[in-house]
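Pull up the model, switch on the side chains, and let's take a walk through it together. Keep the sequence handy as we go.

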Amino acid sequence: MALEISGKLIQILPEQTGTGKNGQWNRQDFILETQEQYPRKVCISAWGEKAGLVKSLKPGALINVAFNAESREFNGKWYTDLRAWKIESSGVQETSALPVADVMDHLEPLLPGEEPNDLPF
């Protein structure tokens, strides 16, 4: 089953590596936030060369991910894995600006009779 999701890259988690019966492996998990009315955060895994692609992205990038969903049972509990097989960056970096009220909270108050200093140094 192939699925697709688009959203903003929120976080790149630490890379995981190891050795299995087929040799060395590496896995890079990342968190994507959808751009819907009610955004959702989704953890997706990239394996092998796709892990390197994730490391080249910056948080805030808008990306499209094609992935397969698979669930497995272990000791009576079920675990679901979302494995990316195609990752595309839209080339757009979303920035987060502070609302004006938050900026105003960080300004130092002027003393009576003091002029505002607009110099950047």
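Below we go from the core to the salt bridges, then on to two individual residues. One thing to keep in mind throughout is that this is a predicted model.

Let's begin on the inside. In soluble globular proteins, nonpolar side chains tend to be buried together. Here, the largest nonpolar core is made of 16 residues. If you want to find it on screen, colour Ile5, Phe30, Ile44, Ile63, Val65 and Ile87, which have the most contacts inside that core. Which strands feed it? At least two core residues come from each of β1 (2-12), β3 (23-33), β4 (41-47), β5 (61-74) and β6 (77-93). The largest share belongs to β5, which gives 4 residues.

Ile63 is a good place to park the camera. Skip its neighbours within four places in sequence, and Ile63 still touches Ile5, Ser6, Gly7, Leu9, Phe30, Leu32, Leu57, Glu88 and Ser89. Two of these partners, Ile5 and Phe30, also appear among the core residues with the most contacts.

Now for the charged side chains. How many salt bridges does the model have? The count comes to 6, and three of them are worth a visit here.

Start with Glu15 and Lys55, whose side chains form a salt bridge with an N to O distance of 3.1 Å. Glu15 sits in the loop between β1 and β2 (16-20), while Lys55 belongs to helix α1 (residues 49-55), so this pair ties together parts that are 40 residues apart in sequence. Both ends are partly exposed: Glu15 has a relative accessible area of 35%, and Lys55 comes in at 43%.

The next pair is Lys41 and Glu33, bridged at 3.5 Å, N to O. Are its two ends buried or exposed? Lys41 is exposed, at 57% relative accessible area, but Glu33 is buried, at 18%. The cut-off matters for that last call: Glu33 counts as buried because buried means under 20% relative accessible area.

Then there's Asp81, which forms a salt bridge with Arg83, their closest N and O atoms being 2.8 Å apart. Asp81 is buried, with a relative accessible area of 9%, whereas Arg83 is partly exposed at 35%.

Time to look at a residue on the outside. Glu4 is part of strand β1 and is exposed, with 68% relative accessible area. What lies across from it? Setting aside neighbours within four places in sequence, Glu4 is in contact with Val65, Ala66 and Phe67. Take the first name on that list: Glu4 and Val65 are 61 residues apart in sequence, yet their C-alpha atoms are 5.6 Å apart in space. Val65 is also one of the core residues with the most contacts.

For the last stop, head to the loop between β3 and β4, where you'll find Thr34. At 7% relative accessibility, Thr34 counts as buried. What does its side chain meet? The side chains of Thr34 and Glu36 are joined by a polar contact of 3.2 Å. A polar atom of the Thr34 side chain also lies 2.8 Å from the backbone nitrogen of Arg40. Leaving out neighbours within four places in sequence, the contacts of Thr34 are Ile5, Ser6, Gly7, Pro39 and Arg40. Ile5, Ser6 and Gly7 should ring a bell, since Ile63 is in contact with them too.

Conventions:
Residues are numbered from 1 along each chain as its sequence is written. This is a predicted model: local features need pLDDT of at least 70, side-chain atom pairs count only at pLDDT 80 or more; totals for chains, interfaces and linings use all residues. Side-chain values use heavy atoms; hydrogens and water are left out. A nonpolar core is a set of buried Ala, Val, Leu, Ile, Met, Phe, Trp, Tyr and Cys residues joined through side-chain atoms within 4.5 Å. Buried means under 20% relative accessible area, exposed over 50%, partly exposed in between (1.4 Å probe, protein chains only). Contact means heavy atoms within 4.5 Å. A salt bridge is a side-chain nitrogen of Lys or Arg within 4 Å of a carboxyl oxygen of Asp or Glu. A polar contact is a pair of N or O atoms within 3.5 Å; within protein, one must be able to donate a hydrogen and the other to accept it, and residues adjacent in sequence count only if both atoms are side-chain atoms.
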